[in-house]
Amino acid sequence: LRPKYAMYILSNGFKELQSRKMRTAGIDSYFDGLILSEDIGVNKPGRALYEHAMQISGAQLDASLMIGDMFDTDILGAANIGMDSLYFNPRRKSGHPFTPTYEVETLLQIKEIL
């Protein structure tokens with residue numbers, strides 16, 4: 001998806017751990033930044049963390065998409081701020097309180113949507 005799209009990691013994790021995970025996985029170069037809940041003391045799905053991410057990234061809400069695999073944090077958080085969401089759901093979990101903007105079972109399906 002990069003360089004066509006600006007991409008940030010938005011996480012409830014801690015900086016040292018998240019940075020190490022990204023380096024170990026070899027994905028750190030694919031992202032423009034790492035925005036963490038510890039930066040402002042609010043966890044996902046808190047609206048304030050998503051607002052902070054919008055400020056840091058300089059993104060516009062109507063041009064942004066939250067891609068996540070955790071419905072209760074990622075997708076709910078996006079809904080709290082009115083952001084479109086893409087739920088990566090390879091295990092086909094069901095029973096969620098609302099339907100995300102998009103839902104995929106494979107990562108390649110994301111490219112088809114974008």
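**Group meeting: rings, core and sheet**

Start with Y87. It is buried, at a relative accessible area of 1%. Keep in mind that this is a predicted model.

What does Y87 sit against? A search of the whole structure turns up two aromatic pairs. One of them is F71 with Y87: the ring centres are 5.3 Å apart and the planes stand at 80°, so this pair is edge-to-face. It links distant parts of the chain. F71 is in helix 3, residues 71-81. Y87 is in strand 4, residues 84-88. The two are 16 residues apart.

How exposed is F71? F71 has 5% relative accessibility, so it counts as buried; the cut-off is under 20%.

Now the other pair. F71 also pairs with F98, and this pair is tilted. Centre to centre is 5.0 Å, with 50° between the planes. Again, distant parts of the chain are linked. F98 is in the loop between strand 4 and strand 5, 27 residues from F71. F98 has 29% relative accessibility and counts as partly exposed. Put the pairs together, and F71, Y87 and F98 form a cluster.

Next, the sheet that holds strand 4. Three strands form an open sheet, in the order 3-4-5, with parallel pairing. Strand 3 and strand 5 are at the edges, each with a single partner strand, so one side of each has no neighbour in the sheet. From one strand to the next, the twist averages 15°. Strand 4 and strand 5 are joined by three bridges. L86 stands opposite Y102 in strand 5. Helix 3 packs on this sheet, where it touches strand 3 and strand 4. The direction of helix 3 makes about 160° with that of strand 4.

Stay on helix 3 for two more residues. D74 is found there. Is D74 buried or exposed? D74 is buried, with a relative accessible area of 4%. Leaving out residues up to four places away in sequence, D74 touches K44, Y50, M66, G68 and D69. On that same basis, A78 touches Y50, M66, M83, D84 and S85.

That brings us to the core. Which residues make up the largest nonpolar core? There are 10 in all: L10, I35, L49, Y50, A53, M54, M66, A78, I81 and M83. Helix 2 and helix 3 each supply at least two of them. The largest share, four residues, comes from helix 2. As background, nonpolar side chains tend to be buried together in soluble globular proteins.

So look at helix 2, residues 47-57. Its buried residues are L49, Y50, H52, A53 and M54. They pack against strand 1, strand 2, strand 3 and helix 3. After helix 2 comes G58, with a positive phi near 70°.

Last stop, the start of the chain. Strand 1, residues 8-11, and strand 2, residues 33-36, run parallel. Four bridges join them. Y8 stands opposite G33 in strand 2. Between the two strands, the chain passes through helix 1, residues 15-25. That β-α-β crossover is right-handed.

To recap. F71 pairs with Y87 edge-to-face. F71 pairs with F98 in a tilted arrangement. Helix 2 gives the largest share of the core. And helix 3 packs on the sheet.

Methods. Residues are numbered from 1 along each chain as its sequence is written. Side-chain values use heavy atoms; hydrogens and water are left out. Rings of Phe, Tyr and Trp (its six-membered ring) pair if their centres lie within 6.5 Å; planes under 30 degrees apart count as stacked, over 60 as edge-to-face and the rest as tilted. Buried means under 20% relative accessible area, exposed over 50%, partly exposed in between (1.4 Å probe, protein chains only). Two strands pair if DSSP finds at least two bridges between them. A crossover is right-handed if, with the strands pointing away from the viewer, the path from the first strand over the helix to the second runs clockwise. Contact means heavy atoms within 4.5 Å. A nonpolar core is a set of buried Ala, Val, Leu, Ile, Met, Phe, Trp, Tyr and Cys residues joined through side-chain atoms within 4.5 Å. Axes are lines fitted to C-alpha atoms, for helices over the stretch in contact, and angles run from 0 to 180 degrees between N-to-C directions.
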